[in-house]
Number of protein chains: 2
Amino acid sequence: MATRNADARPAPTAEPLGSLDALARALRCLPGVGPRAAQRMALHLLQHDRPGARELAQALLRASEAVRHCDRCNTFTEDSVCALCRSGKRDPAQLCVVETPADLVTVEQTHAYDGLYFVLMGRLSPLDGIGPKEIRLDRLIRRATDGVVREVILATNFTSEGEATAHYIAELLAARGLAVSRLARGVPVGGELEYVDAGTLAQALRDRRWVAAPPGGAGNG
Amino acid sequence: MATRNADARPAPTAEPLGSLDALARALRCLPGVGPRAAQRMALHLLQHDRPGARELAQALLRASEAVRHCDRCNTFTEDSVCALCRSGKRDPAQLCVVETPADLVTVEQTHAYDGLYFVLMGRLSPLDGIGPKEIRLDRLIRRATDGVVREVILATNFTSEGEATAHYIAELLAARGLAVSRLARGVPVGGELEYVDAGTLAQALRDRRWVAAPPGGAGNG
């Protein structure tokens, strides 16, 4: 007979599946993959896509061998300096600070920025013991004070940790005479006021821009 | 300036990331993993869990080498006959037919069944060109007509394809003198009638069971 909490216990006569179970366990190193999804993935690969599984294994081995950090911007690359830092087409006077390589890719996809980057590979998070040393802000300071960079654009996340990180970096760099800016906050493109949260709308009010300057001539920013 | 459909195009100066991109592409062989999730997984592994990535690679290689199908029940195993089929504790007169090894595990977790299994590794799906030959129903017939099996319990899914598969198998096996049953359909345990769909409720009405038999003595099943 079925018991009430049967699904919490392993089946007594279940086979020790060995390498299939080991694969399901190993798949749980992927972010967002729980035990059920991992089992589904393992069965799918074995049933329908063994060549894909072998290709994935090779890709994992190659990437964990080859991928390192760029000496200039700290993003992932296979060279000592990444292609973006080597590119002659980027403006070396602008440095955009992001938390992760994924954020760098996201900013690139806007096609709205042609300067260089610095990737923190993290954010300040005192509660988790991640301070300025752990994300090695000394490297950012060395990079930003190379004499060529004029403006540092802070593009960390607009979470409390990202904001705190931006604030901390801004003070460090302003003390060294650099112009420091932060991405604008406000109503998203296509946003309807009715559905925008109050905090964002309040910020959009505070940061409002003149569309026709008053006679006094006060501009914005 | 940002263009309207910027995110559809790759960044012109983006670095050819090589093995990182290759890893993100390879991760898309996993079911339910799209391009964004794959990129997030690749970056996570490289940034936070390279030992996990290498372990996953080994597990993939080992499983795609070692895992094969059981000669008796067709489920995944590393031996010629799986531990469940070899077990002396199971009732060999009952054979439960499921679509996938995951379904087998799900039935085992009920602790409500102590017979043996047959895993179809699929279902009939004429629109996809999957007929009786493709899921090799001849093997099931050979297995079910070994002279020991008395009852075949059809536990394919209650989707249209699963139902069609159960119907087809029932006819094949009934013609060979076997007793064939199908999992009961009805209101789930803990279900509230208000939230049960009409089709399920209609089935529960048709398949209702006597709790006090009428004077005539008609029982159920």
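Start by selecting residues 151–154 of chain A: this is strand β5(A), and four bridges tie it to β6(A), with the two strands running parallel. You're looking at a predicted model, by the way. Pick out A:L154 and look across into β6(A), where its bridge partner is A:R182.

**The sheet in chain A**

Now widen the selection. The strands line up as β4-β3-β5-β6 (chain A), making an open sheet of four strands with parallel pairing. Which strands are at the edges? Select 115–119 and 179–182 of chain A: these are β4 and β6, and each pairs on one side only. Tilt the view to see the twist, as neighbouring strands are turned by 25 degrees against each other on average, direction ignored. Strands of a sheet pair through backbone hydrogen bonds, either parallel or antiparallel.

Next, add residues 101–108 of chain A. That's helix α5(A), packed on the sheet where it touches β3 (91–98) and β4 of chain A, and its direction makes about 160 degrees with that of β4(A). Then add 160–174 of chain A for helix α7(A), which lies across β3, β5 and β6 of chain A and runs at about 165 degrees to β6(A).

**Over to chain B**

Chain B has an open sheet too: four strands in the order β4-β3-β5-β6 (chain B), with parallel pairing. Here β4 (115–119) and β6 (179–182) of chain B stand at the edges with a single partner strand each, so one side of each has no neighbour in the sheet. From one strand to the next, the twist averages 25 degrees.

Zoom in on β3 (residues 91–98) and β5 (residues 151–154) of chain B, which run parallel and are joined by four bridges. Click B:C96 and find its bridge partner in β5(B), B:I153. Helix α5 (residues 101–108) of chain B packs on this sheet and touches β3 and β4 of chain B, its direction making about 160 degrees with that of β4(B). Helix α7 (residues 160–174) of chain B packs on the sheet as well, touching β3, β5 and β6 of chain B.

**A stop at B:T156**

Select B:T156, in the loop between β5 and α7 of chain B. Is this residue buried or exposed? B:T156 is buried, because its relative accessible area is 1% and the cut-off for buried is under 20%. A polar atom of the B:T156 side chain lies 2.9 Å from the backbone oxygen of B:G162. Leaving aside neighbours within four places in sequence, the contacts of B:T156 include B:V97, B:L120 and B:R182.

**Where the chains meet**

Go back to chain A and select α3(A), a helix of 17 residues that reaches 24 Å from its first C-alpha to its last. At its N-terminal end, A:D49 acts as a cap, with a side-chain oxygen 2.9 Å from the backbone nitrogen of A:G52. Colour its buried residues, among them A:L56, A:L60 and A:A63. What do they pack against? Their partners are α2 (35–48) of chain A together with α1, α2, α3 (50–66) and β2 (76–77) of chain B.

Finish on helix α1 (residues 19–27) of chain B, whose buried residues are B:S19, B:L20, B:L23, B:A24, B:A26 and B:L27. They sit on the same side of α1(B), because they cover an arc of only 165 degrees around the axis. Their cover includes α3 (50–66) and β2 (76–77) of chain A, along with α2 (35–48) of chain B.

Technical notes. Residues numbered from 1 in each chain as written. Chains lettered and ligands numbered in written order. Predicted model: local features only at pLDDT ≥ 70, side-chain atom pairs only at ≥ 80, totals over all residues. Heavy atoms only, no water. Buried < 20%, exposed > 50% of the residue type's maximum accessible area, 1.4 Å probe, protein only. Arc of directions from axis to C-beta. Contact = heavy atoms within 4.5 Å. Pairing = 2+ DSSP bridges. Axes fitted to C-alpha atoms, helices over the stretch in contact; angles between N-to-C directions. Expected span 1.5 Å × (residues − 1). Polar contact = N/O pair within 3.5 Å; in protein donor to acceptor, adjacent residues only side chain to side chain.
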